Amino acid sequence: MSRETMEYDVVIVGGGPSGLSTAIKLKQLDANLNVCVLEKASEIGAHILSGNVFETRALDELIPNWKELNSPIKTKVTKEKFLFLSKNKSLSWPTWLLPSVQKNHNNYIISLANLCRWLAEQAETLGVEIFPGFPASEILYNEDGSVKGVATQDMGIDKEGNKKDNYEPGIELLGKVTVFAEGCRGHLGKQLIKKFELDKGKSPQQYGIGLKEIWEIDEKNHQEGMVMHTAGWPLDNNTYGGSFIYHAENKQVFFRICNRFGL
Ligand SMILES: Cc1cc2nc3c(=O)[nH]c(=O)nc-3n(C[C@H](O)[C@H](O)[C@H](O)COP(=O)(O)OP(=O)(O)OC[C@H]3O[C@@H](n4cnc5c(N)ncnc54)[C@H](O)[C@@H]3O)c2cc1C
């Protein structure tokens, strides 16, 4: 059984904010382009973790009338706090002393997963074909070494690599252009970085460890629109990091702690 082939002008790998925005922009520039987006999660947004403080500048440029299109961007930041923590105390730092990247006036608290679901709707309205549940697992190359597309994984292979009765070959998606928008640790991206030495002469990437939870809290403790950052405890003086606490709608709080700022 050979692989089925589908041809597009542009194949986009990854249905996160970057992949979906790319698809929308391409269709805005030329409605006749055939554009598809492959997403490995079973539905758009299912692998997007972030409860997010969102600056709308890029979206203002991409979809200027987003406020009229029932977007899930509703909760404006109304209050900000920055606390230095010790084990038993906290010291509030005046927000006007913070660097501009830590100031969130005019930003929103959103679920990035819901934003992606909404971006996918906008993309589909423009005619983008979106394939959730399709991980791109292999990069396909032309004879001259340029990328010609990707293939999805073969199904029905046992752990020794033999074909089982339910074997189905993957599909080849060929594009005049292939865009890799897998996020920061995509396995195809890592292969491309290595093959084309895309990191040559560049600063190495840095990584941090973060824990993230969404809490539903008591109404009396909830302050919709509040953004709070903390530094200090439980990290020691040599560890770079802190916590982020965003009060979203529906009594929800997006909480995360990480050992490095800027994640
Ligand atoms: C804990 C955390 C908190 C954050 N908080 C904020 C914040 O408050 N404000 C802010 O602006 N930014 C924040 N960010 C950063 C923001 O989430 C990223 O910048 C953004 O998600 C990057 O978008 P992306 O589309 O490049 O990648 P991603 O969001 O990672 O999306 C990649 C998509 O591609 C899919 N995919 C990957 N590989 C394949 C494959 N081989 N085949 C098919 N599909 C594939 C994934 O399933 C995913 O849906 C945060 C990030 C983290 C981790």
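Me: How many salt bridges does the rule find across the interface of domain 1 and domain 2?
Reply: Zero. A salt bridge here is a side-chain nitrogen of Lys or Arg within 4 Å of a carboxyl oxygen of Asp or Glu. The model is predicted: local features need pLDDT of at least 70 and side-chain atom pairs pLDDT 80 or more, while totals for chains, interfaces and linings use all residues. Residues are numbered from 1 along each chain as its sequence is written, and side-chain values use heavy atoms, with hydrogens and water left out.

Me: What makes domain 1 and domain 2 two domains?
Reply: The bounds come from an automatic or database domain assignment. That assignment gives 1–55 + 108–205 as domain 1 and 75–106 + 208–263 as domain 2. Their centres, taken over C-alpha atoms, are 32 Å apart. Nine residues of domain 1 and 14 residues of domain 2 take part in the contact (heavy atoms within 4.5 Å).

Me: What area do domain 1 and domain 2 bury between them, and on which atoms?
Reply: About 850 Å², with 69% of it on carbon and sulfur atoms. Buried area is the accessible area (1.4 Å probe) that two parts lose on being put together, so the figure is summed over both. On the domain 1 side, V53, Y108 and I109 supply 71% of the area buried against domain 2, more than any other three residues. Polar contact between the domains comes to two residue pairs, both at pLDDT 80 or more.

Me: Why is E39 said to be in polar contact with the ligand?
Reply: A polar contact is a pair of N or O atoms within 3.5 Å (within protein, one must be able to donate a hydrogen and the other to accept it, and residues adjacent in sequence count only if both atoms are side-chain atoms). An N or O atom in the E39 side chain is 2.6 Å from a ligand oxygen atom, so the pair qualifies. By the same cut-off, H47 qualifies, with a polar side-chain atom 3.4 Å from a ligand oxygen atom. R256 also qualifies, with a side-chain N or O atom 3.2 Å from a ligand nitrogen atom.

Me: How do you know that R117 and E43 form a salt bridge?
Reply: Their side chains meet at 3.6 Å, N to O, and the limit is 4 Å, so the pair is counted. A search of the whole structure finds seven salt bridges. R117 lies in helix α3 (residues 112–125) and E43 in the loop between β2 (35–39) and β3, so the pair ties together parts 74 residues apart in sequence. Helices (H or I, at least four residues) and strands (E, at least two) are DSSP runs, numbered from the N terminus.

Me: What joins W233 and P234?
Reply: A cis peptide bond, with omega about 5°. P234 sits in the loop between β15 (226–232) and β16 (242–247).
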